[in-house]
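Me: I'd like to learn how to read a protein model feature by feature. Could you walk me through one?

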Amino acid sequence: MMDKALIIFVRKPELGKVKTRLAAQIGNEKALQIYHQLLDHTRTVVTETSCDPFVFVTETQEGEYWKGFSMEIQSMGDLGVKMHDAFEFLFDKGYAKVVIIGSDCPELSQVHLEKAYQLLDQHDLVIGPASDGGYYLLGMKKLYPLLWKDKNWSTPSVYQNTISTIQKLQLSFGELEVLNDLDEEKDIPPHWREHLSYSI
């Protein structure tokens with residue numbers, strides 16, 4: 001067991017149930033293919049990073065895709081409750097640094113994850129802002145339940161409201177660079193368009 005844990009929140013890749021905003025623009029089948037590409041990218045980045053990875057899925061998944069990863073089921077409730085419970089689960093296991101990411105960020109790299117853990121050496125928290133007003137990464141060394149209270153998830157206010165909570169708690173935080181989540185057709189990286197088995 002290392003002292004660093006990584007939470008990866010993912011959905012079960014099912015037609016019509018993933019990347020719904022993107023699907024409204026390009027169709028369910030293409031959106032599902034993009035989601036598989038996002039999962040592949042996330043898995044590769046995590047595999048290259050020095051940490052214990054825990055995949056929190058929306059429901060039980062069969063197969064070998066996440067072989068080598070610890071698998072857990074996300075708790076019931078809104079996104080804030082789910083994140084709180086995942087952090088609590090890993091702090092209860094004794095981890096000193098816990099970071100969470102989703103599977104929506106094609107720009108995420110091993111460098112970002114390693115830097116996040118390094119920033120926790122000097123700060124109480126670390127956060128990676130997303131260009132849409134949310135965040136693609138959050139990390140801490142102890143549980144702060146207020147971080148997930150009274151937040152309007154999936155809105156442009158999430159990041160700023162979270163920073164306001166951090167400041168109210170008088171905590172220090174390190175900040176990563178702003179990255180783009182993939183939510184709409186315009187967010188698809190050009191090189192993904194070239195190599196995927198469909199055209200848009």
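Reply: Sure. Start with the vocabulary: helices and strands here are DSSP runs, at least four residues for a helix and at least two for a strand, numbered from the N terminus. Keep in mind that this is a predicted model. With that in hand, the chain has 6 helices and 7 strands.

Me: In what pattern do they follow each other along the sequence?

Reply: Reading along the sequence, you get β-α-α-β-β-α-β-α-β-β-α-β-α. The radius of gyration is 16 Å, close to the 16 Å that the globule rule gives for 200 residues, so the chain is as compact as a globular protein of that length. Along its principal axes, the C-alpha trace spans about 50 × 35 × 30 Å.

Me: What share of the contacts joins residues at least 24 apart?

Reply: Take contacts between residues at least 6 apart in sequence: 68% of those join residues at least 24 apart. As for burial, the cut-off is under 20% relative accessible area, and 48% of the 200 residues count as buried.

Me: How should I think about a core?

Reply: The general idea is that in soluble globular proteins, nonpolar side chains tend to be buried together. In this chain, the largest nonpolar core has 38 residues, and Leu6 and Leu137 touch the most other members. Strands S1 (4–10), S2 (52–57), S4 (97–101) and S6 (135–140) each supply at least two of its residues, and so do helices H1 (20–26), H2 (28–47) and H4 (110–119). H2 gives the largest share, 8 residues. Apart from that core lies another one of 27 residues, including Phe9, Tyr95, Met140 and Tyr144.

Me: Which residues does Leu137 touch, leaving out those up to four places away in sequence?

Reply: Val99, Ile100, Ile101, Leu113, Ala116, Val126, Ile127, Gly128 and Leu176. Leu113 and Ala116 also turn up among the buried residues of H4, along with His112, Glu114, Tyr117 and Leu119. The cover over the buried residues of H4 includes S1, H2, S4, S6, strand S5 (125–129) and strand S7 (173–175).

Me: What about a glycine, say Gly139: buried or exposed?

Reply: Check the relative accessible area against the cut-off. Gly139 has 0%, so it is buried. Its place is in strand S6. Not counting residues up to four places away in sequence, Gly139 touches Val98, Val99, Leu120, Asp124, Leu125 and Val126. You can also compare a distance with the sequence separation: Gly139 and His123 are 16 residues apart along the chain, and their C-alpha atoms are separated by 10.0 Å.

Me: Which backbone angles should catch my eye?

Reply: Look for a positive phi in a residue other than glycine. Lys19 is one case, with phi near 45°, and Ser154 has a positive phi of about 65°. Lys19 is in the loop between S1 and H1, while Ser154 is in the loop between S6 and helix H5 (158–168).

Me: Are these two buried or exposed?

Reply: Lys19 has 11% relative accessibility, so it counts as buried. Ser154 has a relative accessible area of 75%, so it is exposed.

Me: And what does the chain expose as a whole?

Reply: About 10,000 Å², with carbon and sulfur atoms supplying 48% of it. For charges, compare mean positions: those of the 20 positive and 29 negative charges are 2 Å apart.

Methods. Residues are numbered from 1 along each chain as its sequence is written. This is a predicted model: local features need pLDDT of at least 70, side-chain atom pairs count only at pLDDT 80 or more; totals for chains, interfaces and linings use all residues. Side-chain values use heavy atoms; hydrogens and water are left out. A nonpolar core is a set of buried Ala, Val, Leu, Ile, Met, Phe, Trp, Tyr and Cys residues joined through side-chain atoms within 4.5 Å. Buried means under 20% relative accessible area, exposed over 50%, partly exposed in between (1.4 Å probe, protein chains only). Contact means heavy atoms within 4.5 Å. The radius of gyration is taken over C-alpha atoms; the globule rule is 2.2 Å times the number of residues to the power 0.38. Accessible areas come from the Shrake-Rupley method with a 1.4 Å probe; for residues, only the protein chains shown count as cover. Lys and Arg count as positive and Asp and Glu as negative; His and the chain ends are not counted. The place of a charge is taken as NZ of Lys, CZ of Arg, CG of Asp or CD of Glu.
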